[in-house]
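Me: I am new to this structure and would like a close look at one part of it, with its surroundings. Which residues make up the largest nonpolar core?

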Amino acid sequence: MQSNIKDQIFKTLITLGLTLLCIAIAKPFVVHFIQAFYIYDMPRSAWQADYGLNGLISQIYYSDIFFPNFWMSVKVAGFGVLFSCLFCTMTAYALVMYSYRIKYLILTILLVVLMIPEFVKVMPFFITLKQFGLLNNSLALWVPFVVPSLGVLVIKQYIETIFVKDIIEAARLD
């Protein structure tokens, strides 16, 4: 009984310590995010003395630019994750379960795309978006998330470990 109480106290202290560590790590990022909304045409001491952190948070919260930008970020991230999961899973399943001539060519292309650094792909991607007329459009923010090559390869490896082709073939025969 006493060791059980000691274990609970130990777990509580560890949880509390990790929570405080996370807060200590996240504080500079939150402060810099909030300071990004400061009005820099007034002297630094003026906005520090007048608003303080709570006043600045309420100023950001009630401003006209916070919520539209926040919801746009939520939509981009949400649709990006949704489409990425959907299309990566379908592509990986097709690569694992079906046999066709260019299967290994597609896998090779995915590996080559992974080897190219992201900053090298930025300019061709921008030119492609310009040719399709997608600049200044929210669709241009979702397109890079649709089928990431790393996602396809990771889910392909996962599907290969889950599905056994013999079981699927036996189910097809039945």
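Reply: Helices and strands are DSSP runs numbered from the N terminus, a helix being a run of H or I with at least four residues and a strand a run of E with at least two. By that rule the chain has nine helices and zero strands, which reads along the sequence as α-α-α-α-α-α-α-α-α.

The model is predicted, so local features need pLDDT of at least 70 and side-chain atom pairs count only at pLDDT 80 or more, while totals for chains, interfaces and linings use all residues. Residues are numbered from 1 along each chain as its sequence is written, and side-chain values use heavy atoms, with hydrogens and water left out.

The core comes from a small share of the chain's residues: 16% of the 174 residues count as buried (buried is under 20% relative accessible area, exposed over 50%, partly exposed in between, with a 1.4 Å probe and protein chains only). As general background, nonpolar side chains tend to be buried together in soluble globular proteins. A nonpolar core here is a set of buried Ala, Val, Leu, Ile, Met, Phe, Trp, Tyr and Cys residues joined through side-chain atoms within 4.5 Å. The largest one has six residues in all: C88, L95, L107, L110, V152 and L153. Helices α4, α5 and α8 each give two or more residues to this core. Apart from it lies another core, of five residues, including V96, M97, I159 and I168.

V152 shows how the parts of the core meet. Leaving aside neighbours within four places in sequence, V152 is in contact (heavy atoms within 4.5 Å) with C88, T91, A92, L95, L110 and V147. C88, L95 and L110 are, like V152, members of the core. Such links across the sequence appear in the chain as a whole: of contacts between residues at least 6 apart in sequence, 65% join residues at least 24 apart.

Helix α8 also holds S149, a buried residue at 11% relative accessibility. With neighbours within four places again left aside, S149 is in contact with L110, V113 and L114. L110 thus appears in the contacts of S149 and in those of V152.

Further along α8 (residues 149-162), E160 and K156 stand four residues apart, so about one helical turn separates them. Their side chains meet in a salt bridge (2.7 Å, N to O), one of two in the structure (a side-chain nitrogen of Lys or Arg within 4 Å of a carboxyl oxygen of Asp or Glu). K156 is buried, with a relative accessible area of 8%, whereas E160 is partly exposed at 37%.

Another salt bridge joins the side chains of K121 and E118 (3.1 Å, N to O). This pair lies in helix α6 (residues 118-131), three residues apart, about one turn of the helix. K121 is partly exposed at 24% relative accessibility, and E118 is exposed at 59%.

Helix α4, which also feeds the core, carries an aromatic pair. The structure holds five aromatic pairs (rings of Phe, Tyr and Trp, its six-membered ring, with centres within 6.5 Å; planes under 30 degrees apart are stacked, over 60 edge-to-face, the rest tilted). F79 and F83 are stacked, 6.0 Å centre to centre with 20° between the planes. They are four residues apart in α4 (residues 66-97), about one helical turn. F79 is partly exposed at 33% relative accessibility, as is F83 at 29%. Ring pairs link F79, F83, F87 and W142 into a cluster.

Nonpolar residues also appear on the outside. L111, V112, L114, M115, I116, F119, V120, V122, L150 and V154 form a surface patch with about 950 Å² of accessible area together. Patch members have over 30% relative accessible area and no salt bridge; nonpolar side chains (Val, Leu, Ile, Met, Phe, Trp, Tyr) are joined within 5 Å, like charges within 9 Å. Areas come from the Shrake-Rupley method with a 1.4 Å probe, and for residues only the protein chains shown count as cover. α5 (103-115), α6 and α8 each supply at least two patch residues, and α5 gives the most, with four. L111, in α5, is partly exposed at 44%. So α5 and α8 contribute to the core and to the patch.
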